[in-house]
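User: Could you take me through one part of this structure up close? I would like to understand how its aromatic rings sit against one another.

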Amino acid sequence: MTVTWKRMCCVSKQARVAKCAILLILGVYLYLYFTNFWAETVTSYMMAALEKASPLDNGAERTLRSYQQLYVDVEENDLLLLEPSQTPPYEETQPEELPIFWKEHSEQDILKRKSRPMQNFSISDPYNHSDSNLNLVPLRVNLSEVDNFGKQAFPEYHKEVARLQNASQDDVTTAEDLTMLELFPPLSAESRAQLIFTMDVFVRACRQYGWTYFLVGGTLLGAYRHHGLIPWDVDIDVVVNGSNWREVRHVLGNTPGFTLWTQRSGVWRFYLSHLPKVESPSKWPFVEIYFFSEDDEHLWGLTNSLKYLMVDRERVLPLSTSRWEHLNVSVPACTERMVKTEFDVSRCVSHYMVSETEGFDVREPEGNVDCSRLYSVYPFVFRNQSHDTDIVVESRRIGQSVVEEVTKSVEPKLCQN
């Protein structure tokens, strides 16, 4: 046996020692590799099982976060492996490329770890109408109310387009103004009425059942800059506390005349059932419903496509209110700061064109102009605050005509920090 081993290794003692050392190193490497592999596999299965079993149960969430923290400590340079089956909401990038709401935070690793839990709702489970936790009074809706929102949408816009079309096309300025306006067409009166009515029903449900919600994205910008839907926008974005997801699904999914389109980890859509089909998984126009989670310090997006949202809790809660069309809706406490963090409010940008038979597609080229060029055809909000008061007067105007004025308190001082 000794002779055979020597022949296998080599003739000289030095070479034999070197080759044996290499074999030893290879063995250690393989041991560590497979040990780490099984540790990763067991941890991943444990996290997946916890998420599937009870996505919002406090006990399961604490256990899940313990596993995630352990996994992060072991693989601190590879945070994306926490949920390999999900599309990562961010990339390992330099700080200036992180989601915009994260930039003001210095402890970015903490934010990444907090935002890892994904929306993971068991939407395949059938509705249980006898569930005592969902013993809710049905939402009553009169579908004929949609006609209350069916007035002609923005006649000033249509009059100005008609005037420019009848003017001499040899005038360069006239041609440019017409081209600009055609990049910002409003929704038709019918589609606008359907969309605002759907939002009205959603807000009614939130109030009736006590759901915590607020506006986000372009809809929050619309509330701040227009006191309503951005005239050329095509949908509405709201975010609801993830602890309410079962009630949201139960109530909106059983609201007569409406359909709730749901996904396990993606955005939900709420719309009128009678609408014609378009080239989309759902019908249109719709209210898009996202979900958020929170702890004592932060509030963050739970839905996959809302993972960019990570803010200090006190900048959102307690919620404030804002005028939005005929409604007073819930908005973050620091609405102005959040809007100006995400958008340049002085620039009006149109991303979509609307086809009521084919849905909506990206507009080419998109419109991007100084909003002052649209003051005469669309409503914009102008603010005035007296130096000796904490009251702001918000005036909604089209051109020089005042449509509505509301007063509200200035935002808390913490919003300015």
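Analyst: Happy to help; here is a walk through the ring pairs and the core around them. Keep in mind that this is a predicted model.

A search of the whole structure turns up 17 aromatic pairs. Let's start with F121 and W268: their ring centres are 5.9 Å apart and their planes meet at 80°, so this pair is edge-to-face. The two residues come from distant parts of the chain, 147 residues apart, with F121 in the loop between α4 (108-115) and α5 (155-166) and W268 in strand β4 (residues 268-272). F121 is buried, with a relative accessible area of 1%, and W268 is buried too, at 0%.

F121 also pairs with F291. Here the ring centres lie 5.1 Å apart and the planes are at 90°, so this pair is edge-to-face as well. F291 belongs to strand β5 (residues 287-294), so its pairing with the loop residue F121 ties together parts that are 170 residues apart in sequence. Both F121 and F291 are buried.

Now look at W268 from another side: W268 is one of the residues touched by I289, and others include F202, V238 and F270. I289 and F202 are among the residues with the most contacts inside the largest nonpolar core, which has 71 residues. Helix α7 (residues 189-209) gives the most to this core, with 11 residues.

Elsewhere, ring pairs join F154, Y157, F184, W232 and Y378 into a cluster. Rings can have charged neighbours too: the charged end of R269 sits over the ring of F286, 4.3 Å from its centre.

Terms used:
Residues numbered from 1 in each chain as written. Predicted model: local features only at pLDDT ≥ 70, side-chain atom pairs only at ≥ 80, totals over all residues. Heavy atoms only, no water. Core = buried A, V, L, I, M, F, W, Y, C linked by side-chain atoms within 4.5 Å. Buried < 20%, exposed > 50% of the residue type's maximum accessible area, 1.4 Å probe, protein only. Helix = DSSP H or I, 4+ residues; strand = E, 2+ residues; numbered from the N terminus. Contact = heavy atoms within 4.5 Å. Phe/Tyr/Trp six-rings, centres within 6.5 Å; stacked < 30°, edge-to-face > 60°. Lys NZ or Arg CZ within 6 Å of the ring centre and 35° of its normal. Lists of a residue's contacts leave out its neighbours within four places in sequence.
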